[in-house]
Amino acid sequence: QTLGYSQAEAIGLNVFNLIAPDCQEHCQHLFQDLLAQASNRTIHCAFLARSGQRIELEGQLDVALEGGTPVRVRGILRDVTARRGAERALQALNDSLETRIRESTAALLSSEARLREAQALARVGHWDLDLSSGAVHWSDEICRIAGLDPAQVTPSYATFLERVHPEDRSEVDAVHQREAQFLQPFEFGYRLLLEGGEVRHI
């Protein structure tokens, strides 16, 4: 019934005439192995229904013996066409998603690289402070402006204040505390005092 044949029509049909062409070689090897070893085998292959529709079946095959000689093969198969179709659709969706993620990641990395290059040329950096956790992020150029190696420094507000000129430190701290409290944009100037005594105006 699954393949669209009546019981009378199915009698005498050669099973290999019903197997899809792309599964023929695999099934021939499977049957040869089954007959040679006389043991159960799991099968998954596609059959062609009477209508021409491709039907995917899976199940178990075993061989019946008489006097130690194989005389017939029996199979219990179930239709998994819908399930396999859903699996392929899901795999295609996953592949598409992975491709989009790779493309988005590549675009983001390229954008970040351009931003770093632009900041280095303009001598402009950026930073952000998570007010809930206290975590600080500095761009590479911010580190270089402060005379620090981006690969070696662990950004923190305390490290920043250490770089601020001692004469400006209390004012800078007060401005930051005020901004964190009122969450308003601010703009002001101050000086950094680098190792070796170099002063940079920010």
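**A note on cysteines, pockets and a few chosen residues**

1. Let us start with one cysteine: Cys-143 is buried, with a relative accessible area of 2%. Before you read on, keep in mind that this is a predicted model. Buried is the word used here because the relative accessible area is under 20%.

2. Cys-45 makes a good companion case. This cysteine is also buried, at a relative accessible area of 2%. Where is the closest cysteine sulfur to that of Cys-45? It sits in Cys-27, and the two sulfurs are 3.6 Å apart, too far for a bond. As a reminder, a disulfide is a covalent bond between the sulfur atoms of two cysteines. The pair is not counted because the cut-off for two cysteine sulfur atoms is within 2.5 Å. For the structure, the count of disulfides comes to zero.

3. Next, the largest pocket. Its volume is about 710 Å³. There are 23 residues in its lining, and those closest to its centre are Leu-3, Val-15, Leu-18, Phe-47 and Leu-77. If you wonder how such spaces are found, rolling a probe the size of a water molecule over the atoms shows where empty space is left.

4. Which element gives the most to the lining of the largest pocket? Strand β3 does, with seven residues. At least two lining residues come from each of α1 (7–10), β1 (41–48), β2 (54–66) and β3 (69–79). Sorted by class, this lining has 15 nonpolar residues, five polar ones and three charged ones.

5. The second largest pocket holds about 390 Å³ of space. Its lining has 18 residues, and the ones nearest its centre are Trp-127, Ile-142, Phe-160, Tyr-190 and Ile-202. Two or more lining residues come from each of β4 (127–129), β5 (136–138), α4 (140–145) and α5 (157–163). Helix α5 gives the most here, with three residues. By class, you will find 14 nonpolar, two polar and two charged residues in this lining.

6. Now look for the aromatic rings. How many aromatic pairs does the structure hold? It holds four. One aromatic cluster is formed by Tyr-157, Phe-160, Phe-188 and Tyr-190. Two names should look familiar: Phe-160 and Tyr-190 belong to this cluster, and they are also among the residues nearest the centre of the second largest pocket.

7. Glu-56 is worth a closer look in your viewer. This residue is part of strand β2. Is Glu-56 buried or exposed? It is buried, with a relative accessible area of 6%. Its side chain has a partner: a polar contact of 3.2 Å joins Glu-56 to the side chain of His-44.

8. Asp-128 lies in strand β4. With a relative accessible area of 41%, Asp-128 is partly exposed, whereas Glu-56 is buried. Try finding Gln-181 from Asp-128: along the sequence they are 53 residues apart, and in space their C-alpha atoms are 15 Å apart.

9. Finally, consider Ile-19. You can find Ile-19 in the loop between α1 and α2 (24–37). What is its relative accessibility? The value is 3%, so Ile-19 counts as buried. For a second distance exercise, pick out Ile-19 and Arg-163: they are 144 residues apart in sequence, and 77 Å separates them in space, C-alpha to C-alpha.

Definitions and conventions. Residues are numbered from 1 along each chain as its sequence is written. This is a predicted model: local features need pLDDT of at least 70, side-chain atom pairs count only at pLDDT 80 or more; totals for chains, interfaces and linings use all residues. Side-chain values use heavy atoms; hydrogens and water are left out. Rings of Phe, Tyr and Trp (its six-membered ring) pair if their centres lie within 6.5 Å; planes under 30 degrees apart count as stacked, over 60 as edge-to-face and the rest as tilted. On a 1 Å grid over the protein atoms alone, a cavity is a set of points where a 1.4 Å probe fits but cannot get out, and a pocket is an open set with protein on both sides within 12 Å along at least five of seven lines; lining residues have an atom within 4 Å of a point. Grid points are joined across faces, edges and corners, and a volume is the space filled by probe spheres set on the points. Helices (H or I, at least four residues) and strands (E, at least two) are DSSP runs, numbered from the N terminus. Ala, Val, Leu, Ile, Met, Phe, Trp, Tyr, Cys and Pro count as nonpolar, Asp, Glu, Lys and Arg as charged, and the others, Gly among them, as polar. Buried means under 20% relative accessible area, exposed over 50%, partly exposed in between (1.4 Å probe, protein chains only). A polar contact is a pair of N or O atoms within 3.5 Å; within protein, one must be able to donate a hydrogen and the other to accept it, and residues adjacent in sequence count only if both atoms are side-chain atoms.
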